[in-house]
Each structure stands twice: as C-alpha cells, then as structure tokens.
Amino acid sequence: MADEFEVPGGYTLLVRGPGSAEVIEGEVKAFGARLGSGSRLRVPEGRTIPLEALSDSFVRASAESVEMVEGSTVPREWEELAEEALDEEKVVVIGANDTGKSSLILYMVNRALEAGRRPAVVDADVGQTDVGPVGTIGLAFPGRQSPVYSDFELAGAYFVGDKSPVGHLLPMVVGSRLMVDEAVRAGARPVFVNTTGLVDGGAGWALKTHKVEALAPDLLVAIERDGELGHILRSIPRGVRVARISPPKALAKERADRARYRAATLTAMASRRAAVELDLREVRVVNARSILMADDGELRRKLEAAIGAKPELVGVSGGEAVAVFRERLEQKDFSYAMAILGGAGEPRVVTLDRIVGLYLGFMDERDRLIGVGRLLGLEPRRGVLRGEAAFFSQGKIGGVAFGYLLLDDEWREVGAIKPGYL
C-alpha cells in the first residue's frame, strides 16, 4: 500500500526497494536527475533512492522502507568530482563493497548529461551490475537523466560468468578494456567505469592495479573508509590523477541486499527465456576445454576395463588427460580413473550431472554478447548443447561461453563450479 509523504524543501526522502515512488507535487532531485510532478520510478530490490526536495513536495511511495532526513545526501566531494569529470575522457571509480561507487557514477552521469555531454557507463561490478545481466561487464550510453540505471539501454556486454572476480582476473581486465574501447570509439565522453569491491589482498591489488594500467584513466576516484586502498594507490602509474574521497553513510547496503538484488535480476531474465540447442562443432566455445577434445579410443578402453563405467568422452589436450562422465563416480572408481589418466597427462575428471544449470553466455557471429542462459544437457561426443536463454540483442548464435554459477529452474543461485573445472 502506498503512503504519501510531505517533503519540505531541503529534506531528502530515502526510498528503499523493492518498491516505487511518484512525485505528486513539487520537484525533487535523485542522483542529480530532476523529477517534476507526475514523475514515477521503480526502486530496485536492495537499492535506496534519495529524493531530495528542491521545493516543498509531496511524494507517494510504496517500498520496503521510507525515511526522511534533513539536508542532501549528496556529499560536496561528489559535486566537485562531477564538475571535474566533465573535461575528462575516462573516469574509473574504485572502492570496497558498499562505498557508493555506483551511486557516485549515476550522479556524475546525470550531471554530465545536464552539461550537454555524451557520457557512457562501463559497469564491471559483475556481482552487482546495474548495466547488463549478472556476471557481465555492461556498456550503456545514457541518453537522458534518470535516478535509476534500468532506464539506460544496454549497448554491449562481455561475459565473465561469475558473481566474483576471484579466479577471473584476466577476463575482468580484458572485458573492461574492450567495453571502454567501444565507448571511446563511439565518441562518448566522459566514460565512467564502475568496479567490483575486491580491493583486499593480492587479488584485489592485482585486479585494480592492472585494470588501471589497461584502461589508463584520466581520473581515478578512490572511495575509502580508512586508507584501505593505500596498497593499490601506491602502484598506480604516475600519469593517473587520483581523487581520494570518503563514502556517504546514508546509502550503504547490507550483504543481504546484494544477494537479493542479484536474485531479482536473474529471475527477471528467466521470465524471458526460450529453449536453445547448439551444435558446438559449429560455434565458438569459451571456458570449456574438456568438451573440445578429440576422443581417445585406447584411453577410453583402459578406463572402461578398469572401472566398468562408460565415459562420455576421454582425451588428452594441452598436457591434461580428461575423462568426462555423466554421473559422479564412486570414490574407488574415481581413484582408479585418476591413476589411469595420470599416465597420459595431468589427470582430471568431469561430471556432467554436476553442471546442469550452469550459467551460459551466448554470442553472435561477431563475438558480441547477445544473451545469457543456463545449461540443461550436454552430449560432448556429438557436440550437442541443450539449454535455455534470455536474449537482449538480436543475432544468430555464433558462440557460447560457459560460466561458473549454477542456477535452478527459476534461475536462482544454488552453487558454483571452480574455474578450470571444464
């Protein structure tokens, strides 16, 4: 049930999703976007939209929670950064989880649009992406101001296939560079790049340092609570200008919010799914070396004689000896199989039943991501893949990338496989 709120000029109404809001009277500003009487917006699950009243206003809101605070939630640092970014080509924002990276970028995008610029957004926060499906690096060219990312049409995406960058540092850097290059070629300026919250340890250092090297931003915005980005900033190339700011308090998210948001975006994609069947011998295949091997008849016979179970595919490739089985082997049979395979290379056993529901990315014949989906069945010796997909762009399927998340029938996360399993 919707409630009406009188918001005095100079106050801010914090609307937490899922829900909606409508400006009945007056004028408000949300992340730099002006909303007049009659404006409506949907508040995403796990997100908070600050509606700052520019004059005495009335707002109708139906949401998980609504809170009124005095003053603006936009820090003065954001205003200064937004002005500074207008003359830059590439702006990268880094910070730990829940430091306001996506909110800051949305604010800067709206300010850039207000100033007559043609900005672009590259969202490389694969677990919490606001542009494109979960597990992708998305690209958008916002055409008008908006308090929510959902109004920005997806223009391109790169499939990583996981909610975390851990184990995928190289694809994270490559995908970000490809999307930024596409934005620059299209004439966008500034190009704003969001990043994941992985900043701790060697993995966080490597990802952020090498991403900055690859993207060569004109401005790097580092949002930090207590110097936690120091080890990264000490390694940034000298030519990159760095602005260090503190995170705002009013828009912080909880860990549960991130999971709810991810689940909501995946199940929304599932509502548009359609059945697909591919001949893997006719398309590009990424992240699945095991199903690209030539079958080794002699090694197959050795395995069948030793354990009795019939493998779907056995082969040696790239120094690895791999056996693909339909069902999980008993521990004794698994040990025998690993011993036999070890005589031909680095041994590995793959179980197909374990990857039913695996997250997939579908590409067109120009290697552009056109949809995501999940695996329903695989016949590696025949090269047949059966699955379901939700497409966001048109085109003939020319490739498939195997991801790492496991999804149930409603596309909810139920597990994951480790990088390198396939």
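This is a short walk through the charged pairs of this structure and one nonpolar patch on its surface. Please keep in mind that the model is a predicted one.

Let us begin with the charges. Side chains of opposite charge can pair when their charged atoms come close. Here the count comes to 29 salt bridges, and a few of them make good stops along the way.

A good place to start is helix α3, which covers residues 169-185. Glu182 lies in this helix, and the side chain of Glu182 meets that of Arg368 in a salt bridge, with 3.1 Å from N to O. Where does the partner sit in the chain? Arg368 belongs to the loop between β22 (358-363) and β23 (369-379), so the pair ties together parts that are 186 residues apart in sequence. The two ends of this bridge also differ in their surroundings: Glu182 is buried, because its relative accessible area of 18% falls under the 20% cut-off, whereas Arg368, at 30%, is partly exposed.

While you are looking at helix α3, find Val174, which lies in the helix too. Together with Leu170 and Leu178, Val174 makes a nonpolar surface patch of about 270 Å². Is Val174 itself buried or partly exposed? With a relative accessible area of 35%, Val174 is partly exposed. That value is over the 30% that a patch residue needs, so Val174 can take its place in the patch.

Next, move to Glu320 and Arg289, whose side chains meet in a salt bridge at 2.7 Å from N to O. This pair links distant parts of the chain, with Glu320 in strand β20 (residues 320-325) and Arg289 in the loop between β18 (284-286) and α7 (297-307), 31 residues apart. Glu320 counts as buried at 16% relative accessibility, while Arg289 is partly exposed at 46%.

Helix α7 holds a salt bridge of its own, between Arg300 and Glu304. The closest N and O atoms of this pair are 3.7 Å apart. Why can these two residues be described as about one helical turn apart? They are separated by that much because they are four residues apart in helix α7. In this pair the arginine is the buried partner, as Arg300 has 8% relative accessibility, and Glu304 is partly exposed at 27%.

Our last stop goes beyond single pairs. Glu27, Arg34, Glu83, Arg111 and Glu114 are linked in a network of salt bridges, and these residues are worth selecting together in your viewer.

Methods. Residues numbered from 1 in each chain as written. Predicted model: local features only at pLDDT ≥ 70, side-chain atom pairs only at ≥ 80, totals over all residues. Heavy atoms only, no water. Patch = residues over 30% accessible without salt bridge, like charges linked within 9 Å, V, L, I, M, F, W, Y side chains within 5 Å. Areas by Shrake-Rupley, 256 points an atom, 1.4 Å probe, with all protein chains shown as cover. Salt bridge = Lys/Arg side-chain N within 4 Å of Asp/Glu carboxyl O. Buried < 20%, exposed > 50% of the residue type's maximum accessible area, 1.4 Å probe, protein only.
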